[in-house]
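Reader: Hi! I'm in my first year and would love a close look at one part of this model. Could you pick a single piece and walk me through what surrounds it?

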Amino acid sequence: MNNINSSKIPNTPINQLNPELQEKLTNGYPPFIDIHTHIFNYKDIPDYYLGFRLPISRRFLGFVGFFLHNLIFWTKKDYLSRAAYLIKVLKKKNSSDIFDSMKKTYYSEYDNSILFGVLTMDMLKGIDGTQDTRTLRDQLFLISKLAKKNNNIISFAAIDPTRNAEALRIFEEVFSINDNDSDLNYVGLKVYPSLGYLPTHPILMKMFEVCEAKQIPVLSHCSSALTRNSNDSIKNIPGIFINDISLEGEAPKDFKTGGSHKQCEKDYRDYFNRPHHWLKVLETFPNLRLNLAHFGGNKAWEDFIDKNESIDIQTIPENKKKPWVATIIYLLKKYPNVYADFSYTFVEEKFSIRLKELMLNDTELTNKILFGSDYSMVVIEGDYKKKLNNFKSIMQPNLINQMARNNNLKYLFNL
Ligand SMILES: [Zn+2]
């Protein structure tokens, strides 16, 4: 099988940034970084994105957004109605408009010192209805261009490993430096398991080997499966499934779901997004720079708080239940370069209050939690600006600065 030629990939990803930004990061007070944002628009999403069929066109989305928002406003908490907030963002003409509006609305438009981790998405293999969608390469080129123009974007390339040999070629292309205009200068790799692959997929393992050697930061979605593969079953899934009982697991090679939106969300989450798979990845690549994004997400934090789940990490390797939050804390403490961002999960006040307690009581964790927002996905939760400000006021400037400045910079560039 193909391998990755890593001879042109720099030994540290900071070399992907322009010299001015490199200088700024290495000398002086670390800038504020939002590690987790998305600026993709309707051109990047297949019809079955959001779990139901939408003929995606800008005009149609405008109509759907209006309909969901105004005609069923009395069920504002309803999933469809909340999706209208997101649709309003997705129907913007291009990604740079979304980026500008995010900066202007939620951060001061004049504060150009803020940096944004921008995560691309590769949904074309896993989700149906992709005939009018922009290709992955076009999306990767576009975000790379935007990053070079703005000089405040840290770009992450999403590559679905089920592309097999093509995935390895794209990996090589986005990270190699040839010192010419075609350089894409991606900093990190984005992984989204519920699109239908395990973190232990052999193609991903080849990528992780290079990521570990070249210090490339990896960011994996680790939460519910709002975005997921659109099939009811997937057969012969490559890689190792890690169950709760042992590291090798009884690998169910086939996945099956069906039924309601809620049921599919749960099944995809429990099969693909579970943090347990990373026990195996990290056993193989213990120095991998990894962000388990969302710290498990809302369901994991509900279990942790409402069911008073244990976070006694001593028991994790043998624990037959392996609770999600405890498993992530175990990984954060065991491996030097593993982190967790609290993006999206911060929308629930009780989760943020509990996170603060954890961080104040355990200095090891204080250094391992990253600040991220998950814009534009998080606008589904309603008044995002209010929720973001509320999170900042709960955590107080000292912890916010620790997460957004010190920890993000350490995760990205080991600075
Ligand atoms: Zn996200």
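Author: Let's take strand β3, where 6 of the 6 residues are buried, so the strand counts as mostly covered. Keep in mind that this is a predicted model.

Look at the side chains of β3 next. In a regular strand, side chains alternate between the two faces of the sheet. Here, Ile 153, Ser 155 and Ala 157 point one way from β3, while Ile 154, Phe 156 and Ala 158 point the other way. Both sets are buried.

Now turn to a neighbor in the sheet. β2 pairs with β3 through 4 bridges, in the parallel sense. To find one of these on screen, start at Phe 116, whose bridge partner in β3 is Ile 153. On from there, β2 (residues 115-119) is also joined to β1 by 3 bridges, and these two strands run parallel as well. In that pairing, Thr 37 has Val 118 of β2 as its bridge partner.

Step back and you can place β3 in the whole sheet. The sheet is open and has 8 strands, in the order β1-β2-β3-β4-β5-β8-β9-β10, with parallel pairing. Its edge strands are β1 (33-37) and β10 (369-370), each of which pairs on one side only.

What lies across β2 and β3? That is helix α5 (residues 136-150), which runs at about 170° to β3 (153-158). Angles over 145 degrees count as roughly antiparallel, so α5 is roughly antiparallel to β3.

Helix α5 has a helical partner too. α4 (residues 95-106) packs against α5 at an angle of about 45°, and their axes are 10 Å apart. That angle makes α4 oblique to α5. The contact brings together Ser 95, Ser 96 and Phe 99 from α4 with Leu 142, Ile 143 and Leu 146 from α5. The crossing of α4 past α5 is right-handed.

So here is a path to follow on your screen: begin at Ile 153 in β3, go to its bridge partner Phe 116, and then find α5 lying across β2 and β3. From α5, the residues Leu 142, Ile 143 and Leu 146 take you over to α4.

Technical notes:
Residues are numbered from 1 along each chain as its sequence is written. This is a predicted model: local features need pLDDT of at least 70, side-chain atom pairs count only at pLDDT 80 or more; totals for chains, interfaces and linings use all residues. Two strands pair if DSSP finds at least two bridges between them. Two residues are in contact if their C-beta atoms, placed from the backbone, lie within 7 Å. Axes are lines fitted to C-alpha atoms, for helices over the stretch in contact, and angles run from 0 to 180 degrees between N-to-C directions. Angles under 35 degrees count as roughly parallel, over 145 as roughly antiparallel, 65 to 115 as roughly perpendicular and the rest as oblique. A crossing is left-handed if the near helix is turned anticlockwise from the far one by less than a right angle, and right-handed if clockwise. A residue is buried if 20 or more other C-beta atoms lie within 10 Å of its own, exposed if 12 or fewer, and partly exposed in between; C-beta atoms are placed from the backbone.
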